[in-house]
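Me: I should like to learn how helix packing and domain arrangement are read from a model. May we work through one case together?

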Amino acid sequence: MTTATAEDFQYLQGFLLDRSAIVLSEDKQYLVETRLLPVVQRHGVESITDLVRAIRRGDKTVETAVVDAMTTNETSWFRDAAPFDALRNLVLPELVASNVTRRRLAIWSAACSTGQELYSVAMLLDSEFSDLASWRVDLHGTDLSTTVVQRARTGSFTALEINRGLPATLLVRYFRREGAQFVIADSIRSRVRFELFNLARPWPPMQDYDVILLRNVLIYFDVETKRDVLERVRGRLRPGGFLLLGTAETTRGLVDGFRPIPVGATTVFRREES
Ligand SMILES: C[S@@+](CC[C@H](N)C(=O)[O-])C[C@H]1O[C@@H](n2cnc3c(N)ncnc32)[C@H](O)[C@@H]1O
């Protein structure tokens, strides 16, 4: 059966909220169906109801597949341009100046999808901030979805993905062709690391970062979760560090301790010193 029953939908709403904090509003029944039918086929079951039964039984493989399928992994190179201009023109020059003695930087792409966001940062650093070549620079990408984290690690992209925002100069400089795929240079891939990480669950002990990109993920959460995630992100930012959000996202009205700084067509959020 191709449709999700009202009971399936209600169960999946609760399941997804619990596992990912993603809010599935009442009008998203079509989304459940389009996203889960391929999972039904892949797992050789008859219906979405069978998937729900498998989750209720505690089938971890189906749980992971359903969470993966229900995440929206839309991304592109240098997405929205303006945040990368802000990195180029304000954030990185400031951080380079203030860390000149430490010679360390840590940058976290906290909902990295298939990696284009973090790889864009890595190429920006390599091509325009050559002073950093001798620094210790930690480029960390994390996401809830197992599938996208595995894809990000490969550094391998289709022509369609490459066509979404990658400047030709960077394609020529940093990619090689392998059959139908475009694979990022080892010099870039070796500088980034990707891990599974659920923003909505308790976080393991972790380092502090100079920049956190938390872009186009808060939009899926309810206000309580947005607030909680932003509080914890602030706790992981070094004083004076920068938070970059998606175009439709802000810290305003949710958490204190960030100073919004307009830069060109965007706003970055700087963690206050105290
Ligand atoms: C629309 S993509 C954004 C990718 C990238 N940041 C960008 O702006 O292009 C949203 C990502 O958030 C991830 N996500 C959703 N809920 C999450 C959670 N609770 N913890 C971590 N990542 C989550 C999804 O798997 C998806 O890859």
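Reply: The discussion below takes the domains, then the ligand, then two helix pairs. Please note that this is a predicted model.

Me: Into which domains is the chain divided?

Reply: There are two entries in the assignment: domain 1 covers 6–70, and domain 2 covers 82–271. Taken over C-alpha atoms, the centres of domain 1 and domain 2 are separated by 29 Å.

Me: How many residues of domain 1 are in contact with domain 2?

Reply: As a general idea, the size of an interface is often given as the accessible area lost when the parts come together. Here the description is by residue contacts: seven residues of domain 1 meet 10 residues of domain 2. On the domain 1 side, helix α4 (residues 60–70) supplies the largest share, three residues. By class, that side of domain 1 comprises four nonpolar, two polar and one charged residues.

Me: Where does the ligand lie with respect to the domains?

Reply: The ligand lies between domain 1 (6–70) and domain 2 (82–271), because both give residues to the shell around it. Of the 25 residues around the ligand, those that come nearest are Thr 71, Thr 75, Ala 111, Leu 144 and Leu 199. The shell divides by class into 10 nonpolar, 10 polar and five charged residues.

Me: How should one read the packing of helix α1 against helix α3, and at what angle do their axes cross?

Reply: One takes the approach of the axes, then the angle, then the hand, then the residues. Helix α1 (residues 6–20) and helix α3 (residues 48–56) have axes that come within 10 Å and cross at roughly 45°. The two helices are therefore oblique to each other. Their crossing is left-handed. From α1, the contact is made by Asp 8, Tyr 11, Leu 12 and Phe 15; from α3, by Ile 48, Thr 49, Val 52 and Ile 55. By class, this contact of α1 with α3 has six nonpolar, one polar and one charged residues.

Me: Which hand does the crossing of α2 and α4 have, and which residues make the contact?

Reply: The axes of helix α2 (residues 29–42) and α4 come within 9 Å, crossing at roughly 145°. The crossing of α2 and α4 is right-handed. Arg 35, Leu 36, Pro 38 and Val 39 of α2 make the contact with Ala 65, Val 66, Ala 69 and Met 70 of α4. The contact of α2 with α4 has seven nonpolar residues, no polar ones and one charged.

Technical notes. Residues are numbered from 1 along each chain as its sequence is written. This is a predicted model: local features need pLDDT of at least 70, side-chain atom pairs count only at pLDDT 80 or more; totals for chains, interfaces and linings use all residues. Axes are lines fitted to C-alpha atoms, for helices over the stretch in contact, and angles run from 0 to 180 degrees between N-to-C directions. Helices (H or I, at least four residues) and strands (E, at least two) are DSSP runs, numbered from the N terminus. Angles under 35 degrees count as roughly parallel, over 145 as roughly antiparallel, 65 to 115 as roughly perpendicular and the rest as oblique. A crossing is left-handed if the near helix is turned anticlockwise from the far one by less than a right angle, and right-handed if clockwise. Two residues are in contact if their C-beta atoms, placed from the backbone, lie within 7 Å. Ala, Val, Leu, Ile, Met, Phe, Trp, Tyr, Cys and Pro count as nonpolar, Asp, Glu, Lys and Arg as charged, and the others, Gly among them, as polar. A residue is near a molecule or strand if its C-beta atom, placed from the backbone, lies within 6 Å of it. Domain bounds come from an automatic or database domain assignment.
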